[in-house]
Amino acid sequence: MVQKAKILLVDDRPENLLALEAILSALDQTLVRAASGEEALKALLTDDFAVILLDVQMPGMDGFETAAHIKRRERTRDIPIIFLTASNHGPHHTFRGYAAGAVDYISKPFDPWVLRAKVSVFVDLYTKNCQLKEQAALLRLQLEDGAAREGAAGAEAAEPLLAELSARLASVEEQAEALTKQLDDSPEAGAAATAAHLERKLAALRAALEALRPGAEA
C-alpha cells in the first residue's frame, strides 16, 4: 500500500486554508495546515512533505522569509514551494518569489484545476521518488547479503533486480521528459523552474541507482 504524500498549506487566513483543502481534497493526500511561517517551520522539523503551498503576505514572518528558512535547512531545501499571492503585485514581487526558491508562483484568485494539476505533478514525483528509494535500499541489502554469503555470485544474482529497478526509473524519466517538454513550451514564468526541479531530482535518483551496480565506486 502506497503511503499518502503530505502537502503543507501555509496561510494566516482560515478561509484560504479551507479553500485550498477543498481544491486539493480530490488528490486524496494528507493535507497539513499551518497558520504562520513559524508553524510551517515546526511542521517541517518532524514530517516530510511533497510540496509546500505558501502564502506570501502573512503577519510576522512572511512567505519570503519562511521560504528562506526552508531553503537554508538541509532536510527541507529540496521541497518544492509554490507561492500564492494577490494578483495586484508587479513583476518585482514575482522575481523575489523565484529568488527565494519558489518553483512556481500563482496569483489569487487562481484556477482550481490549474493549482490541483500543478500540485499533482509534485505529489507524483515525490511518491515515485520514495518508491525508488525504498526499492534501492532493499536492493542494496540484497547485494550486500549476497556478496557476504556468495561473493561475486551473490552480486550477479541481484543483477535482475537492479535491471528491473533501472527499467522502472527509465519509465519515470520518460514521463518526466514529456512533462518537461510541456513545461518548456509553457508561457508561464514558473514553468522553467518547475522543469529544472524535476530534472535535478531524477538525475540524483539515476546517480544513486548507478552507484548500486557491482564495481561502482563507493
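**Backbone features and solvent exposure in the predicted model**

D28 is partly exposed, with a relative accessible area of 47%, a value that falls between the 20% and 50% limits for this class. The model in which this residue is described is a predicted one. D28 belongs to the loop that connects α1 (14-24) with β2 (30-34). Its backbone is notable for a positive phi, near 55 degrees, in a residue other than glycine.

A second backbone feature occurs at K108 and P109, which are joined by a cis peptide bond with omega of about -5 degrees. P109 is placed in the loop between β5 (104-108) and α5.

Helix α5 spans residues 112-150 and includes W113. The relative accessible area of W113 is 59%, so this residue is classed as exposed, the cut-off being over 50%. W113 is separated from I23 by 90 residues in sequence, yet the C-alpha atoms of the two residues are 7.9 Å apart in space.

With regard to the overall fold, the protein contains 8 helices and 5 strands. Their order along the sequence is β-α-β-α-β-α-β-α-β-α-α-α-α. Of the contacts between residues at least 6 apart in sequence, 66% link residues at least 24 apart. The protein has 218 residues, of which 39% are buried. Its exposed surface amounts to about 11800 Å², with carbon and sulfur atoms supplying 55% of this area.

Conventions. Residues numbered from 1 in each chain as written. Predicted model: local features only at pLDDT ≥ 70, side-chain atom pairs only at ≥ 80, totals over all residues. Heavy atoms only, no water. Helix = DSSP H or I, 4+ residues; strand = E, 2+ residues; numbered from the N terminus. Buried < 20%, exposed > 50% of the residue type's maximum accessible area, 1.4 Å probe, protein only. Contact = heavy atoms within 4.5 Å. Areas by Shrake-Rupley, 256 points an atom, 1.4 Å probe, with all protein chains shown as cover.
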